[in-house]
Amino acid sequence: MADVEQLQQDYLAQIAGADLAGLEEIRIAALGKQGAISGLLKTLGAMSAEERQEQGPRINGAREAVTTAIAARKDALESAALNARLAAEAIDLTLPAAATPQGSVHPVSQVMDELAEIFADLGFAVATGPEIESGWYNFTALNMPETHPARAMHDTFYFPDRNAAGEEMLLRTHTSPVQIRTMMAQKPPIRIIAPGRTYRSDSDATHTPMFHQVEGLVIDKDITMAHLKWTLETFVKAFFERDDIVLRLRPSYFPFTEPSAEVDVGFTVEKGKRVIGGDPTGPNGGWMEILGSGMVNPKVIEHCGLDPDEWQGFAFGCGIDRLAMLKYGMDDLRAFFDGDLRWLKHYGFSSLDVPTLSGGVGA
């Protein structure tokens, strides 16, 4: 058998002068499967008990000494390399920070924030409600009986199961149920807007099965159509950030308001684009319907447990997606829901944009 102590000393001497690559070669030569010290360990099985008792500690001691020396040398070399790198490198603190990806606020979320800011300045609170509603809240309480065409299966998304009271359940077709829940939950006077997602079985260039809507409700004493018209004019002028906006109210019909009115806004064509504002009766002007409104039907007030002889009010509603298209120039409603990051990067907003009644993000 080779002299174990001499073999150990030879390897320790090689380790003391080796670099990182040389250390790996020494480890393989000494401790690998075919290494010299590994070979000595394999011979212990063929020895007698007396020889194993004598040679075993010597061979294992050599293995531990070489292993420890390799690890210590490796640590010393890596520390020296790191220190040299730190000494040679320097950070220029005057350089600009690396660009990091930034998210964008979706136009629908932006417009919702703008609506909340505008109506908050007018004394309105923001109310919310469930998107899964019963037929009573979505239709019956709003003066739409079971025979009303809006309840047809091709108009509405129904659930196969009914609630505990046996009522049909559906995805709400408007945010009007929030008005009902608010009138039943709190006493007048009431001034709220109800933004949120709504659902109908529609899908084309101007309609999607899911869309966003905002509705407003005022319940108080001695409320008239004059209050409604002033509120809508103030809202539209603040939202589109123009004072030359003209509104036109046309008689219409909604089951939940009486009298009811469609609201048109005047527009002009500037540089080939339709712009809200200006003279709608001029050669480049016209009218565009943007929302529906009216005085709350007395039957709706009764359904909510209030006396229509004491309390009156007005309500209005419009599509948030359409408002965003009119203000910021999108031409296809379906792009709002495609999830295209290029579209969102172009039309999205910074989270630091904070609109107010006196000046929105376009000011």
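In this predicted model, helix H8, which spans residues 225–240, packs against helix H10, residues 320–328, at an angle of about 50 degrees, and the two helices are therefore oblique to each other. Their axes lie 10 Å apart. On the H8 side the contact is made by Phe235, Phe239 and Phe240, while H10 contributes Leu323, Leu326 and Lys327. Sorted by class, the residues of this contact comprise five that are nonpolar, one that is charged and none that is polar.

H10 itself deserves a closer look. Seven of its nine residues are buried, so this helix is largely enclosed by the rest of the structure; the cut-off behind that reasoning is a relative accessible area under 20%. The buried residues of H10 are Ile320, Asp321, Leu323, Ala324, Met325, Lys327 and Tyr328, a list in which Leu323 and Lys327 are also residues that take part in the contact with H8. What do the buried residues of H10 pack against? Their surroundings include both helices and strands: helix H5 (107–121), H8 and helix H11 (341–347) on the one hand, and strand E5 (190–199), strand E6 (210–220) and strand E11 (312–319) on the other. After H10 comes glycine 329, which has a positive phi, near 85 degrees.

Turning from the helices to the strands, one finds an open sheet of three strands, arranged in the order E2-E4-E3 and paired in the antiparallel sense. Strand E2 (132–134) and strand E3 (158–162) are the edge strands, each of them pairing on one side only. From one strand to the next, the twist of this sheet averages 35 degrees. The pairing of E2 with strand E4, residues 168–171, is antiparallel and runs over three bridges, and within it glutamate 133 has leucine 170, in E4, as its bridge partner.

A further antiparallel pairing joins strand E8, residues 257–270, to strand E9, residues 273–276, over four bridges. Here phenylalanine 267 is matched with isoleucine 276 of E9 as its bridge partner. How many residues lie between E8 and E9 in the hairpin that they form? There are two residues between these strands, and in the turn lysine 271 adopts a positive phi of about 55 degrees. A positive phi is thus found both at lysine 271, in the turn of the hairpin, and at glycine 329, which follows H10.

Definitions and conventions: Residues are numbered from 1 along each chain as its sequence is written. This is a predicted model: local features need pLDDT of at least 70, side-chain atom pairs count only at pLDDT 80 or more; totals for chains, interfaces and linings use all residues. Side-chain values use heavy atoms; hydrogens and water are left out. Axes are lines fitted to C-alpha atoms, for helices over the stretch in contact, and angles run from 0 to 180 degrees between N-to-C directions. Angles under 35 degrees count as roughly parallel, over 145 as roughly antiparallel, 65 to 115 as roughly perpendicular and the rest as oblique. Contact means heavy atoms within 4.5 Å. Ala, Val, Leu, Ile, Met, Phe, Trp, Tyr, Cys and Pro count as nonpolar, Asp, Glu, Lys and Arg as charged, and the others, Gly among them, as polar. Buried means under 20% relative accessible area, exposed over 50%, partly exposed in between (1.4 Å probe, protein chains only). Two strands pair if DSSP finds at least two bridges between them.
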